[in-house]
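User: Got a model here that I'd like to talk through, mostly how its helices pack and what its cysteines are up to. Can you walk me through it?

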Amino acid sequence: MTLEQWLEDARMDAFRRKLPELAELLEGLAKSTAVLREADWNDDASGCKEGEEESK
Amino acid sequence: MADQPTIADLAPRIARGEIRSEKLTEDALAAIAKLNPQLNAFITVTADQALASARHADKEIAAGRSRGPLHGIPISLKDLIDMEGVPTTAASRLRAHHIARRDAPVTARLREAGAVLVGKTNLHEFAFGTTTEDSGWGPARNPFDATRSAGGSSSGSAIAVKTGMSIASVGTDTGGSIRIPAAACGVVGLKPEWEEISSAGVVPLSRQLDHVGPITRSVEDAALMFDVMRGKPAAATETTTLWGKRFAVLGGYFLDRLDEHVESNVLAAIERLRNAGATINEATLPHAAYVAPVYLHLVLADAAAYHATMLHERSAAYTPNVRLRLEMGRYVLAEDYVRALRGRAVLTREIELALDGVDALLLPALAIPAPPLGAAAVPVKGGQEPVRSAMLRCTQPFNLSGHPAISLPCGSTPTGLPVGLQIAGRRRGTSDLLRLARAVEAALAPPA
């Protein structure tokens with residue numbers, strides 16, 4: 001799931017649950033998650049990052 | 001604020017019968033009665049039990065049956081830790097009617113060592129915050145300036161130790177919750193290595209990051225408490241010299257966004273260690289910028305799992321801000337949790353590398369002085385820094401890695417707010433860290 005899709009779903013769920021303040025917090029969490037997903041320790045099924053992982 | 005006697009000062013005098021535990025306990029209870037209405041450090045005061053324990057301790061000591069340095073010493077517990085027959089509220093109205101069925105192991109060990117338990121201290125609700133603004137019993141207030149936070153989450157413990165409401169206390173630390181209030185209140189806070197002190201009978205925030213440890217008036221007292229809390233006989237810490245000791249200052253992320261007075265005090269303290277014969281090098285954690293997101297994803301999801309049922313059934317019983325933060329954790333995806341677990345391993349390896357060839361790491365404990373209650377952000381170097389991230393940035397790494405770390409006072413701002421220096425040591429080296437910290441404390445002491 002892309003982060004954008006996750007945030008849209010999460011925000012809609014927060015409003016559905018009548019927690020509008022939570023929607024703002026979720027935007028902050030999304031920024032933090034974006035940083036986490038960009039970290040160079042993350043590999044993927046393409047195998048393109050395996051060399052980087054071994055060199056760490 | 002006048003210096004208060006330490007356990008190490010009092011223990012020999014108690015053992016010789018020069019001071020009675022009952023008198024010490026009465027003094028602590030009088031301090032609570034006088035100061036707690038303003039500072040809000042205690043949720044429950046166990047006055048009758050404490051006085052009975054103190055009288056019993058006096059009888060044992062008079063009969064020649066001393067149990068060691070903690071015998072007869074008034075001690076408080078963060079209200080996250082079970083004490084038989086007393087509520088463990090976790091500062092939440094959700095648990096107002098809870099009664100602990102038995103002592104947590106750490107409580108039982110303190111009792112066995114003869115400590116007198118005077119009560120349960122205030123905290124950020126469920127230990128989920130650094131300011132103690134969100135407590136079901138109201139905010140705890142800084143003893144140096146009651147308009148400011150005393151840090152958190154173990155704020156009541158640090159206030160109690162600083163002001164004479166107890167001589168030492170037991171706190172917990174998931175992202176800095178012992179070291180942050182210790183720095184904000186001008187006392188010593190030790191986060192031992194992970195699980196070196198049992199966290200059984202302690203309400204969890206994140207079981208993989210939670211640590212139990214002492215808050216005290218000196219490093220020597222921290223060592224005495226640490227021994228008892230881990231089930232060993234309390235023994236005096238050997239002193240050591242700083243001559244030839246090797247430190248690495250953790251730079252970059254940890255020094256870039258410091259309040260100017262915190263920075264000047266910490267750098268001056270490091271210079272004093274150099275002048276005392278220590279070698280000071282520099283080190284960095286290449287992935288330091290990821291500490292906060294890694295920590296956030298782990299602690300949010302762990303806390304949400306523990307609170308899921310109560311969030312569903314009794315959400316209105318939480319304070320609003322803590323409830324929202326717990327709700328946020330329910331949206332963390334499993335895949336991001338796994339990314340955070342991998343990041344934790346990377347950061348742990350980098351801390352190990354930073355410790356390679358040195359005795360300990362040096363950095364501030366708290367990047368800002370105690371913030372005003374209610375502040376969302378504070379000014380740092382011409383910009384605005386969110387309070388929560390500013391308070392956690394220097395302490396979180398050692399919760400992720402499990403390395404032992406201690407905060408001790410190293411000066412104050414021009415307005416008199418304390419500043420804390422943090423020393424982080426090797427795994428399986430908490431006693432070595434305490435010996436080193438005692439030498440640092442001596443080097444930083446004002447000239448007699």
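User: Let's start with helix H2 (residues 21-39) of chain B and helix H3 (residues 47-62) of chain B: at what angle do they pack?

Analyst: Bear in mind that this is a predicted model. The axes of H2(B) and H3(B) lie 8 Å apart. The angle between them is about 160 degrees.

User: Are H2(B) and H3(B) roughly parallel or roughly antiparallel to each other?

Analyst: Angles over 145 degrees count as roughly antiparallel. H2(B) and H3(B) pack at about 160 degrees. Therefore the two helices are roughly antiparallel.

User: And is the crossing of H2(B) and H3(B) left-handed or right-handed? How many of the residues in that contact are charged?

Analyst: The crossing of H2(B) and H3(B) is right-handed. On the H2(B) side, Ser21(B), Glu22(B), Thr25(B), Glu26(B) and Leu29(B) take part, and the H3(B) residues they meet include Ala50(B), Leu51(B), Arg55(B) and Asp58(B). The contact residues split into 6 nonpolar and 2 polar, and the charged ones number 4.

User: Now across chains: how do helix H2 (residues 20-38) of chain A and helix H12 (residues 334-355) of chain B sit, oblique or roughly parallel?

Analyst: Their axes are 10 Å apart and make an angle of about 55 degrees. Roughly parallel needs an angle under 35 degrees, and roughly perpendicular runs from 65 to 115. So H2(A) is, relative to H12(B), oblique.

User: Which residues of H12(B) make that contact?

Analyst: H2(A) passes H12(B) in a left-handed crossing. From H2(A), the contact uses Thr33(A), Leu36(A) and Arg37(A). The residues of this contact divide into 2 nonpolar, 1 polar and 4 charged. On the H12(B) side they are Glu335(B), Asp336(B), Arg339(B) and Ala340(B).

User: What share of the residues in chain A is buried?

Analyst: Chain A has 3 helices and 0 strands, running α-α-α from the N terminus. Among its contacts with a separation of 6 or more, 23% link residues 24 or more positions apart. The chain has 56 residues, and the buried share is 30%.

User: On to the cysteines: how many disulfides does the structure hold?

Analyst: A disulfide needs two cysteine sulfurs within 2.5 Å. Cys185(B) has its closest cysteine sulfur 15 Å away, in Cys410(B), so that pair is too far apart for a bond. Cys394(B) is in no disulfide either, with the sulfur of Cys410(B) 12 Å away. Over all chains, the number of disulfides is 0.

User: Is Cys394(B) buried or exposed?

Analyst: Buried means under 20% relative accessible area. Cys185(B) has 0% relative accessibility, so Cys185(B) counts as buried. Cys394(B) is also at 0%, and therefore counts as buried.

Methods:
Residues are numbered from 1 along each chain as its sequence is written. Chains are lettered from A and ligands numbered from 1 in the order in which they are written. This is a predicted model: local features need pLDDT of at least 70, side-chain atom pairs count only at pLDDT 80 or more; totals for chains, interfaces and linings use all residues. Side-chain values use heavy atoms; hydrogens and water are left out. Buried means under 20% relative accessible area, exposed over 50%, partly exposed in between (1.4 Å probe, protein chains only). Axes are lines fitted to C-alpha atoms, for helices over the stretch in contact, and angles run from 0 to 180 degrees between N-to-C directions. Helices (H or I, at least four residues) and strands (E, at least two) are DSSP runs, numbered from the N terminus. A crossing is left-handed if the near helix is turned anticlockwise from the far one by less than a right angle, and right-handed if clockwise. Contact means heavy atoms within 4.5 Å. Ala, Val, Leu, Ile, Met, Phe, Trp, Tyr, Cys and Pro count as nonpolar, Asp, Glu, Lys and Arg as charged, and the others, Gly among them, as polar.
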